[in-house]
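I sat down with this entry to look up a few local features. The notes follow in the order I took them.

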Amino acid sequence: MIITPIPAFDDNYIWAIQPTENADAVIVDPGDEAPVLEWLRQQGIGLASILITHHHWDHTDGLLPMLEHFEVPVYGPDNPKIKGISQRLHEGDRFTPAGLSAEFQVLETPGHTLDHLSFYTSDTAEGMLFCGDTLFSAGCGRMFEGTAPQFFASLRKLAELPDTTYVYCTHEYTAANLRFARAAEPDNAAIEAAQDEVAKLREQHQPSLPSRLERELAINPFLRAKDAAEFAQLRQWKDNF
């Protein structure tokens, strides 16, 4: 599969998934329809389907406007606040998005929001995870609606996926997250090496994403927390960092 980040707002990535070059795309979390429609136009392709991870506006505001241009299935949380979803998903569901042959597993990952879903497929050599704002590279989302035990359990669920899994989150927060990770684990050489690598990428205006799960297990203090209490302390510290 071909995965392309479409930049939106200040630091969002709207992911486009294609089975092959020139094929219609599956779009993940279209917070803004304009850059997606422009990218589709430039590629000379159509829209096959849409995936939604959670209800926040910067992941959903482009959904209904895009459905005015394309009549396609939309897969997402069972949350009536999100208008336009045609297939509402739950933990353990498996589905094949229109336009792809890969089957995705649905993981409920509450914490950032209560309705948050993550989508994982093992139908590639390494595996792919589209995790919205639950897991970031070297960080995690703010805890707006869930509890620390919920969020910790969600991260442990993701941590149990194969180490080779590519992690596609939706914000370019990696450099800032690594600064906090360095403060939390000043003797972690993997974090220092990641900072150098990400700095070079960003200097070249290249995305720091996707990450790999094995990398996150080495550099992400939220994945390395031993329990919900330690996670809560880290999250509170990061909120005020």
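**Notes on His-56, two helices, a strand and some rings**

I began with the contacts of His-56: leaving aside neighbours within four places in sequence, it touches His-112, Thr-113 and Phe-144. I keep in mind that the model is predicted. His-56 sits in the loop between β4 (47–51) and α2 (57–60). Is His-56 buried or exposed? Its relative accessibility is 18%, and the cut-off for buried is under 20%, so I entered His-56 as buried. I also took one C-alpha distance: His-56 and Gly-111 are 55 residues apart along the chain and 13 Å apart in space.

**Helix α1**

Next I went to α1 (residues 33–43), where Val-36, Trp-39 and Leu-40 are buried. Looking down the axis of α1, I find its buried residues within an arc of 100°, so they line one face of the helix. This fits the usual geometry: an α-helix has 3.6 residues a turn, so residues three or four places apart point the same way. Arg-41 and Gln-42 are exposed on the other side of α1. I then listed what the buried residues of α1 pack against: β1 (2–8), β2 (12–18), β3 (25–28), β4 and α3 (63–67).

I checked both ends of α1. At the N-terminal end Asp-32 is the cap, with a side-chain oxygen 3.1 Å from the backbone nitrogen of Ala-34. Just after α1, Gly-44 has a positive phi of about 70°.

**Helix α9**

How far apart are the end C-alpha atoms of α9 (residues 228–239)? They are 16 Å apart, and this agrees with the 16 Å that its 12 residues should span at 1.5 Å a residue. I noted Ala-228, Phe-231, Leu-234, Arg-235 and Lys-238 as the buried residues of α9. They cover an arc of only 120° around the axis, which means that they lie on the same side of α9. The face turned away from that buried side carries the exposed residues Gln-233 and Gln-236. The buried residues of α9 pack against β12 (139–140), α4 (148–159), α5 (174–184) and α8 (221–224). Asp-227 caps the N-terminal end of α9, where I read 3.2 Å from a side-chain oxygen to the backbone nitrogen of Ala-229.

**Strand β13**

I followed the pairing of β13 (residues 166–169) to two strands. With β10 (residues 128–132) the pairing is parallel, over 4 bridges, and Gly-132 stands opposite Cys-169. With β14 (residues 211–212) β13 pairs in the antiparallel sense over 2 bridges; there Ser-211 is the bridge partner of Val-167.

**Aromatic rings**

I counted 15 aromatic pairs. In one of them, Phe-95 and Phe-104, the ring centres are 6.1 Å apart and the planes are at 35°, so I entered the pair as tilted. Phe-95 is buried at 4% relative accessibility, and Phe-104 is buried at 0%. For comparison I took Trp-237 and Phe-241, an edge-to-face pair with 6.5 Å from centre to centre and 75° between the planes. Trp-237 is partly exposed at 39% relative accessible area, while Phe-241 is exposed at 53%.

Which residues do ring pairs link into a cluster with Phe-95 and Phe-104? I wrote down Tyr-13, Trp-15, Tyr-75, Phe-119, Phe-130 and Tyr-168 as the other members.

Key: Residues are numbered from 1 along each chain as its sequence is written. This is a predicted model: local features need pLDDT of at least 70, side-chain atom pairs count only at pLDDT 80 or more; totals for chains, interfaces and linings use all residues. Side-chain values use heavy atoms; hydrogens and water are left out. Buried means under 20% relative accessible area, exposed over 50%, partly exposed in between (1.4 Å probe, protein chains only). Contact means heavy atoms within 4.5 Å. Two strands pair if DSSP finds at least two bridges between them. The expected span of a helix is 1.5 Å times one less than its number of residues. The arc is that of the directions from the helix axis to the C-beta atoms. A polar contact is a pair of N or O atoms within 3.5 Å; within protein, one must be able to donate a hydrogen and the other to accept it, and residues adjacent in sequence count only if both atoms are side-chain atoms. Rings of Phe, Tyr and Trp (its six-membered ring) pair if their centres lie within 6.5 Å; planes under 30 degrees apart count as stacked, over 60 as edge-to-face and the rest as tilted.
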